Amino acid sequence: MKHLVLAMVLVAGPALADRGDGFGYMMDGYGYGMSMMFGPILWLIVLGLVVAGVIWFVRRSDTGPAQKSGDAMAELDMRLARGDIDAEDYAARKKLLAG
């Protein structure tokens, strides 16, 4: 029942705002000047946030091969310490990772 009432309010909202008594027209005409003044500033803020988000995403997802190799070497060291692999296997894999 709540969903039906919400849908009716959303559909009837524009009609209720356009009642004709002057109270739905952006503050009787004064709202247009304010939006013209702050509109470009708002778009610059949005554009800045988009650019900052793209830069953040690129820096976050850009992991160089040195970092990946370091993680692999740390895992290899842990496997040797736990006894999962022997010294010969460790040396062969370390040589393979070093390139």
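These legends walk through several close-up views of a predicted model.

Residues are numbered from 1 along each chain as its sequence is written, and side-chain values use heavy atoms, with hydrogens and water left out. In this predicted model, local features need pLDDT of at least 70 and side-chain atom pairs count only at pLDDT 80 or more, while totals for chains, interfaces and linings use all residues.

**View 1. The whole chain, a fold of four helices and zero strands.** Helices (H or I, at least four residues) and strands (E, at least two) are DSSP runs, numbered from the N terminus. Followed along the sequence, the pattern reads α-α-α-α. Of the 99 residues in the chain, 5% are buried; here buried means under 20% relative accessible area, exposed over 50%, and partly exposed in between (1.4 Å probe, protein chains only). The accessible surface comes to about 8,800 Å², and carbon and sulfur atoms hold 70% of that surface. Such areas come from the Shrake-Rupley method with a 1.4 Å probe; for residues, only the protein chains shown count as cover.

**View 2. Confidence along the chain, with a mean pLDDT of 76.** The pLDDT is the predictor's confidence in each residue, from 0 to 100. In this chain, 60% of the residues reach 70 or more. Which helix has the lowest confidence, and which the highest? Helix α1 (residues 2-17) is lowest, at a mean of 65, and α4 is highest, at 88. A friendly caution for this view: where pLDDT is low, the predicted coordinates should not be read in detail.

**View 3. Helix α4 and the glycine that follows it.** Helix α4 has 12 residues and reaches 16 Å from its first C-alpha to its last, close to the 16 Å expected. That expected span is 1.5 Å times one less than the number of residues in the helix. After α4 comes G99, with a positive phi near 90 degrees. A91 also sits in helix α4, and A91 is partly exposed, at 43% relative accessible area. L76 lies 15 residues from A91 along the chain, and their C-alpha atoms are separated by 9.8 Å.

**View 4. A salt bridge within helix α4, between R93 and D89.** A salt bridge is a side-chain nitrogen of Lys or Arg within 4 Å of a carboxyl oxygen of Asp or Glu; by this rule the count comes to three. For R93 and D89, the N to O distance is 3.0 Å. The two residues are separated by about one helical turn because they stand four residues apart in helix α4 (residues 87-98). R93 is partly exposed, at 34%, and so is D89, at 26%. Elsewhere, salt bridges that share partners join E75, R82 and D84 into one network.

**View 5. The network of E75, R82 and D84.** R82 pairs with D84 at 3.0 Å, N to O. E75 also forms a salt bridge with R82, with the closest N and O atoms 3.7 Å apart. E75 is partly exposed, at 42% relative accessibility, and D84 is partly exposed too, at 46%.

**View 6. A nonpolar patch on the surface.** Which residues form this patch? They are L42, W43, V46, V50, V54, W56, F57 and V58, with about 850 Å² of accessible area together. Patches are made of residues with over 30% relative accessible area and no salt bridge: like charges are joined within 9 Å, nonpolar side chains (Val, Leu, Ile, Met, Phe, Trp, Tyr) within 5 Å. F57 belongs to helix α2 (residues 31-61) and is partly exposed, at 48%.
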